[in-house]
Amino acid sequence: MADVFRATAVRDHYLHPGDAPLHGSGFTSMIFVYLMTLAIVLSLVWLARARGNAQELSPRASMPSRGWTIGAWFIPVVNLYAPRQCVLGIGRASSASWEQKRGTALVNLWWAAWIAHVVVVVAGGAVAPGSIAFLVVGEALMIAAAVLLGLVIQLIMALQSAARGATLPVTPLAQA
């Protein structure tokens, strides 16, 4: 939601150049950067933990290294495909039923929305800076990607929790 407020303030700045809209867009952009940084850090922490859980559940599964799971996001061009592969690998290692539970389709939808968002933002900034059409489409794609990522996280966590519950032995409490 912070991104929507930021986008609105930036749009106001382009429509009504002046000090007040610029100050407003600067403030909302600053809040947006803080919230996005927090969201990125939390997502990467979850990704690292999910990767570790998947490795414990399927020690022989082909998994990306811990460094690659996080680092792939920061390498230009590689970050257009490798993070999706990492999430798919985590999903496969988390459950044998990953392919049957619409996991790959959900990951593909999330990734398509994310890449489309990036393309629209970059193209919009190059072709028509301040374009409301590019702004609205870019924001809609970012919101869709965020919701889909939430669903991917929820699915992988549910699969890992179910797998852990099925593999952990239950020991009765000692009677006193």
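Is glutamine 160 buried or exposed? In this predicted model, glutamine 160 counts as buried because its relative accessibility is 5%, and the cut-off for burial is under 20%.

**Overall architecture**

The protein contains six helices and zero strands. Read from the N terminus, its elements follow the order α-α-α-α-α-α. Of the 176 residues in the protein, 32% are buried. Among contacts with a separation of 6 or more, 64% join residues that stand 24 or more positions apart. The exposed area of the protein is about 10,700 Å², and 70% of this area is supplied by carbon and sulfur atoms.

**Two residues in their helices**

Glutamine 160 belongs to helix α6, which covers residues 132-167. Leaving aside residues up to four places away in sequence, glutamine 160 touches Ala50, Asn53, Ala54, Leu57, Ile90 and Ser94. Helix α2 spans residues 19-57 and includes methionine 30. Methionine 30 is classed as partly exposed because its relative accessible area is 36%, a value that falls between the limits of 20% and 50%.

| Residue | Helix | Relative accessible area |
|---|---|---|
| Glutamine 160 | α6 (residues 132-167) | 5%, buried |
| Methionine 30 | α2 (residues 19-57) | 36%, partly exposed |

**Nonpolar surface**

Methionine 30 also takes part in a nonpolar surface patch of about 760 Å². The other contributors to this patch are Phe27, Ile31, Val33, Tyr34, Leu35, Leu38 and Leu42.

Key:
Residues are numbered from 1 along each chain as its sequence is written. This is a predicted model: local features need pLDDT of at least 70, side-chain atom pairs count only at pLDDT 80 or more; totals for chains, interfaces and linings use all residues. Side-chain values use heavy atoms; hydrogens and water are left out. Helices (H or I, at least four residues) and strands (E, at least two) are DSSP runs, numbered from the N terminus. Buried means under 20% relative accessible area, exposed over 50%, partly exposed in between (1.4 Å probe, protein chains only). Contact means heavy atoms within 4.5 Å. Accessible areas come from the Shrake-Rupley method with a 1.4 Å probe; for residues, only the protein chains shown count as cover. Patches are made of residues with over 30% relative accessible area and no salt bridge: like charges are joined within 9 Å, nonpolar side chains (Val, Leu, Ile, Met, Phe, Trp, Tyr) within 5 Å. A salt bridge is a side-chain nitrogen of Lys or Arg within 4 Å of a carboxyl oxygen of Asp or Glu.
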